Amino acid sequence: DIIPQPLLDQYLSMTDPARAQTVDTEIAKHCAYSLPGVALTLGRQNWHCLKDTYETLASDVQWKVRRTLAFSIHELAVILGDQLTAADLVPIFNGFLKDLDEVRIGVLKHLYDFLKLLHADKRREYLYQLQEFVVTDNSRNWRFRYELAEQLILILELYNPNDVYDYLRHIALTLCSDKVSEVRWISFKLVGAILQKFYANSANALGLNFINELVVRFRHCSKWVGRQAFAFICQVG
């Protein structure tokens, strides 16, 4: 009743490889780009009409198709709600996390937006995987690490101080020693945000431990760049 059946059938047929060869090689990408809009129009109650098409596109051999879906998966999660997201989108999301950097950047740019939609227990599973974002296919892709630091500043609110100390602290320290100055500077803000998180939640012992670690690692660093990092961290704090 929402969309004429022939029109929906025409849209769903866009993933047919034969159409890509005879009509338009970019047709699957166009289909992926418009999928959140189609899902919004149909409503979550009709998601079953699109589920197979979405899964087909998510495993398309063209990385541009997968990249398009990766950039919009957080929008689709809002449309579908937490139950359908956990059942049908989380497995796709997990696949994108292990994909090429060109695809991973899509989920990274909206990592906070996606994680905040998950239940706390499901969200906590990703603490173990955030470390993987530090490693990229190309080490010169410093914007990837910059984006990670920016997202982590937002993500801090989603986890308790102990989880931040056990998992996110290590990533922050690694990024503070990055070879690229832009990445280091945004990471100093991340460190400041972590300290604020500890003290705002009365986790004073964790805050003191972290400060001591910063003093040892940067204040007493034999290289000037480390001591400079400590000065910037103090300025942010």
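1. Helices here are DSSP runs of H or I with at least four residues, strands are runs of E with at least two, and both are numbered from the N terminus. With that in hand, you can place Thr53 in helix α4. One caution before going on: this is a predicted model, in which local features need pLDDT of at least 70 and side-chain atom pairs count only at pLDDT 80 or more, while totals for chains, interfaces and linings use all residues. Residues are numbered from 1 along each chain as its sequence is written, and side-chain values use heavy atoms, with hydrogens and water left out.

2. Let's start with the overall picture. The chain has 13 helices and zero strands, so its elements, read from the N terminus, go α-α-α-α-α-α-α-α-α-α-α-α-α. Along the principal axes, the C-alpha atoms fill a box of roughly 70 × 35 × 25 Å. Of the 237 residues, 46% count as buried (buried is under 20% relative accessible area, exposed is over 50%, and partly exposed lies in between, using a 1.4 Å probe and protein chains only). Take the contacts (heavy atoms within 4.5 Å) between residues at least 6 apart in sequence: 67% of them join residues at least 24 apart.

3. Now back to Thr53: is this residue buried or exposed? Thr53 has 7% relative accessibility, so it counts as buried. Setting aside neighbours within four places in sequence, Thr53 touches Leu12, Thr15, Cys31 and Leu35. Thr56 also sits in helix α4, but its relative accessibility is 39%, which means partly exposed. The C-alpha atoms of Thr56 and Trp224 are separated by 52 Å, with their places 168 residues apart along the chain.

4. Next, a pair of helices. Two packed helices are described by the angle between their axes and the distance between the axes. Axes are lines fitted to C-alpha atoms, for helices over the stretch in contact, and angles run from 0 to 180 degrees between N-to-C directions. Helix α1 (residues 5-12) packs with helix α4 (residues 48-58) at about 15 degrees, their axes being 11 Å apart. That angle makes α1 roughly parallel to α4 (under 35 degrees is roughly parallel, over 145 roughly antiparallel, 65 to 115 roughly perpendicular, and the rest oblique). On the α1 side, Leu8, Tyr11 and Leu12 meet Cys49, Leu50 and Thr53 of α4. These contact residues divide into five nonpolar, one polar and no charged (Ala, Val, Leu, Ile, Met, Phe, Trp, Tyr, Cys and Pro count as nonpolar, Asp, Glu, Lys and Arg as charged, and the others, Gly among them, as polar).

5. How do α10 and α11 pack, and at what angle? Helix α10 (residues 161-176) meets helix α11 (residues 181-200) at about 160 degrees, with axes 9 Å apart. That makes α10 roughly antiparallel to α11. Among the residues in this contact are Leu168, Ala172 and Cys176 of α10, and Phe188, Val191 and Ile194 of α11. The contact of α10 with α11 holds 13 nonpolar residues, one polar and three charged.

6. Finally, the cysteines. A search of the whole structure finds zero disulfides (a disulfide is a pair of cysteine sulfur atoms within 2.5 Å). Why is Cys176 unbonded? The closest cysteine sulfur, in Cys234, is 12 Å from that of Cys176, which is too far for a bond. Cys176 is also buried, because its relative accessibility is 2%.
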